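Reader: I am new to this structure and would like a close look at a single part of it, namely its interior. Please go slowly and explain the terms as they come up.

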Amino acid sequence: MHKTEFKPTVALTSATVDKMSRHDMLEWVNSTVHGQHKKIEELCSGVAYCQMMELLFPNCIGLKRIKTTAKLEHEFLYNLKLFQAAFIKLNFDKSVPIDRLIKGKFQDNFEFLQWFKKFFDTHSAGKENLRVPAAMAAAAQNAPKPIKKPGNQTLGTAKTPAAKPDMLKTPKGTQQHGERQVSPSTIRTLQETQEQLAEQILGVEHERDTYYKKLAEIEVILNESVQNNIYVEWCNRALTILYATDDTPPTAVDDLAEEIMPGLSLETDI
């Protein structure tokens, strides 16, 4: 079986890191992608990283596939998986710390940005005018900023507050002549339905978070195995399936799954 040879990326040390402030780094990012990022933490959306990766290696991601209006955690995850998949596609030996970046903390995002700045400078040498086209960046400029997490609450999983009973009533002075008023029984029915839907939403969100956590733990194990040179090809194939997006042909994923675990179909009930 052919063994994939991975290309080294760049090493970041105190001697090689660019001595740039957070403001200088943000200015570099914004000027490169025509962005309007105000904080380093906003890079957790993965949009800028995907755009700059596409500048370095055209068609490794595809600008149209990037969710430039991402503001929820599952959208951040989608972009960061595209970003990671680009490294795998280009055979670069780099594991993106998605689980840390997606939390939107300054230190994690700033440290990774420092590394990526070094990577970008290394591979942009000799290439001129590396800037995202203004037309393609227009959507990103108007994109809503990532939602800030209140306390330890997870991005994208905030509970939607139930509407107060008064919100379901017709405001006084706005009823037109002959307009039928909502009966108390109808209001109670709507409130009960709303409560049931809220419970269902919380259940779905809890299930989503549970499976996301399991996949994140599997990803860590696979990346550790690759770094320790244990079952490297098998783990990289598993990571390819893990990072597959909606645009990945189902047959390609099925073929990879068959090679990893012969006889196991993705459609088989486990």
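Author: The chain has a mean pLDDT of 76 (pLDDT is the predictor's confidence in each residue, from 0 to 100), and 64% of its residues reach 70 or more. This is a predicted model, in which local features need pLDDT of at least 70 and side-chain atom pairs count only at pLDDT 80 or more, while totals for chains, interfaces and linings use all residues. Residues are numbered from 1 along each chain as its sequence is written, and side-chain values use heavy atoms, with hydrogens and water left out. Two stretches call for caution: over residues 147–158 the pLDDT is below 50, although this stretch has 21 contacts in the model beyond near neighbours in sequence, and over residues 263–270 the pLDDT is also below 50, with six such contacts. Where pLDDT is low, the predicted coordinates should not be read in detail.

For the interior, consider the largest nonpolar core, a core being a set of buried Ala, Val, Leu, Ile, Met, Phe, Trp, Tyr and Cys residues joined through side-chain atoms within 4.5 Å. Among its 50 residues, those touching the most other members are Met52, Met53, Phe83, Phe116 and Phe119. At least two residues of this core come from each of helix 1, helix 2, helix 3 (73–89), helix 4 (98–101), helix 5 (106–123), helix 7 (184–227) and helix 8 (232–242), where helices are DSSP runs (H or I, at least four residues) numbered from the N terminus. Helix 3 gives the most to the core, nine residues. Phe83 has contacts (heavy atoms within 4.5 Å) with Tyr49, Cys50, Met53, Ile61, Val96, Phe112 and Phe116, once its neighbours within four places in sequence are left aside.

A loop residue can be followed in the same way. Ile40 sits in the loop between helix 1 (22–33) and helix 2 (47–56), and it counts as buried because its relative accessibility is 2%; buried means under 20% relative accessible area, exposed over 50% and partly exposed in between, with a 1.4 Å probe and protein chains only. Beyond its neighbours within four places in sequence, Ile40 touches Arg22, Met25, Leu26, Phe106, Asn109, Phe110 and Leu113. Of these, Phe106 is 66 residues away along the chain from Ile40, yet their C-alpha atoms are separated by 6.2 Å.

Charged side chains come next. Side chains of opposite charge can pair when their charged atoms come close. There are three salt bridges, each a side-chain nitrogen of Lys or Arg within 4 Å of a carboxyl oxygen of Asp or Glu. Lys117 and Asp121 form one of them, at 2.6 Å from N to O, and both lie in helix 5, four residues apart, about one turn of the helix. Lys117 is buried at 8% relative accessible area, whereas Asp121 is partly exposed at 31%. In helix 8, Glu233 and Arg237 are likewise four residues apart and so separated by about one helical turn; their closest N and O atoms are 3.4 Å apart in a salt bridge. Glu233 is buried at 17% relative accessibility, while Arg237 is partly exposed, with a relative accessible area of 23%. Asp108 and Arg100 also meet in a salt bridge, 3.7 Å from N to O, and Arg100 is partly exposed at 41% relative accessibility.
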